[in-house]
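Visitor: I'd love a close look at one part of this protein, the place where two neighbouring strands meet at a turn. Could you then lead me outwards from there?

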Amino acid sequence: TDLDEAPLPETGEIETFTTVHVAAPSFADDAPYVTAVADFDGVRLTGVVRGVTPENVDVGTEVSADVGETETAGERVLVLRAE
């Protein structure tokens with residue numbers, strides 16, 4: 001139950017991903033988009049991949065963590081930005 005705060009590496013690698021073509025209403029204008037899990041030296045983050053077309057996302061793609069907004073509602077979302 002104890003938590004420690006530690007800095008993340010600047011980049012991580014996508015471990016798994018899925019391309020969403022039919023989105024929930026709160027992401028309708030964002031589709032198609034890629035949701036991925038990326039490993040940052042043992043810490044896994046789930047976010048929306050940006051900076052690359054969905055067709056060019058693959059396991060092993062190098063990404064950095066960032067904060068962005070959804071196209072549909074302008075709400076904050078964790079972004080995995082392709083390098």
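To start with, which residue in S5 stands opposite Glu 69?

Guide: Arg 76 in S5 stands opposite Glu 69. A word on the ground rules before we look around: this is a predicted model, where local features need pLDDT of at least 70 and side-chain atom pairs count only at pLDDT 80 or more, while totals for chains, interfaces and linings use all residues. Residues are numbered from 1 along each chain as its sequence is written, and side-chain values use heavy atoms, with hydrogens and water left out.

Strands here are DSSP runs of E with at least two residues, numbered from the N terminus. Your two are S4 (62-69) and S5 (76-82), and Gly 74 lies in the loop between them. S4 and S5 run antiparallel and are joined by seven bridges; two strands pair if DSSP finds at least two bridges between them. Together they form a hairpin with six residues in between, and in that turn Gly 74 has a positive phi of about 70°. Gly 74 counts as partly exposed because its relative accessibility is 35%. On this scale, buried means under 20% relative accessible area, exposed means over 50%, and partly exposed falls in between (1.4 Å probe, protein chains only).

The two hairpin strands also share a salt bridge, meaning a side-chain nitrogen of Lys or Arg within 4 Å of a carboxyl oxygen of Asp or Glu. Asp 66 and Arg 81 form it, with their closest N and O atoms 3.3 Å apart. Since Asp 66 lies in S4 and Arg 81 in S5, the pair ties together parts that are 15 residues apart in sequence. Asp 66 is partly exposed at 33%, and Arg 81 is partly exposed at 31%.

Now step back from the hairpin. It belongs to a closed barrel of five strands, running S1-S2-S3-S5-S4 with mixed pairing. Neighbouring strands of this sheet are turned by 45° against each other on average, direction ignored; the axes are lines fitted to C-alpha atoms, and angles run from 0 to 180 degrees between N-to-C directions. S5 pairs with S3 in the parallel sense over three bridges, where Val 49 stands opposite Leu 80 in S5. On its other side, S4 pairs with S1 in the antiparallel sense over two bridges, and Val 63 in S4 is the bridge partner of Gly 12.

Several of these names return in the largest nonpolar core, which has ten residues: Ile 14, Val 34, Ala 36, Ala 38, Phe 40, Leu 45, Val 49, Val 57, Val 63 and Leu 80. S2 (33-40) and S3 (43-50) each supply at least two of them, and S2 gives the largest share, four residues. A nonpolar core is a set of buried Ala, Val, Leu, Ile, Met, Phe, Trp, Tyr and Cys residues joined through side-chain atoms within 4.5 Å. Phe 40 is a good residue to click on: leaving aside neighbours within four places in sequence, its contacts (heavy atoms within 4.5 Å) include Leu 45, Val 63 and Leu 80. There is also a second, separate core of five residues, among them Val 20, Tyr 33, Val 48 and Val 77.

Finally, visit the loop between S1 and S2, where Asp 30 lies. Asp 30 is buried because its relative accessible area is 11%. The side chains of Asp 30 and Thr 72 are joined by a polar contact of 2.9 Å. Such a contact is a pair of N or O atoms within 3.5 Å; within protein, one must be able to donate a hydrogen and the other to accept it, and residues adjacent in sequence count only if both atoms are side-chain atoms. Asp 30 also meets Arg 50 in a salt bridge (3.8 Å, N to O). Arg 50 lies in S3 and Asp 30 in the loop between S1 and S2, so this pair ties together parts 20 residues apart in sequence.

That loop holds one more surprise to look for. Most residues other than glycine have a negative phi, and most peptide bonds are trans. Yet a cis peptide bond joins Ala 31 and Pro 32, with omega about -5°. Over in the loop between S2 and S3, Asp 41 is not a glycine but has a positive phi of about 55°.
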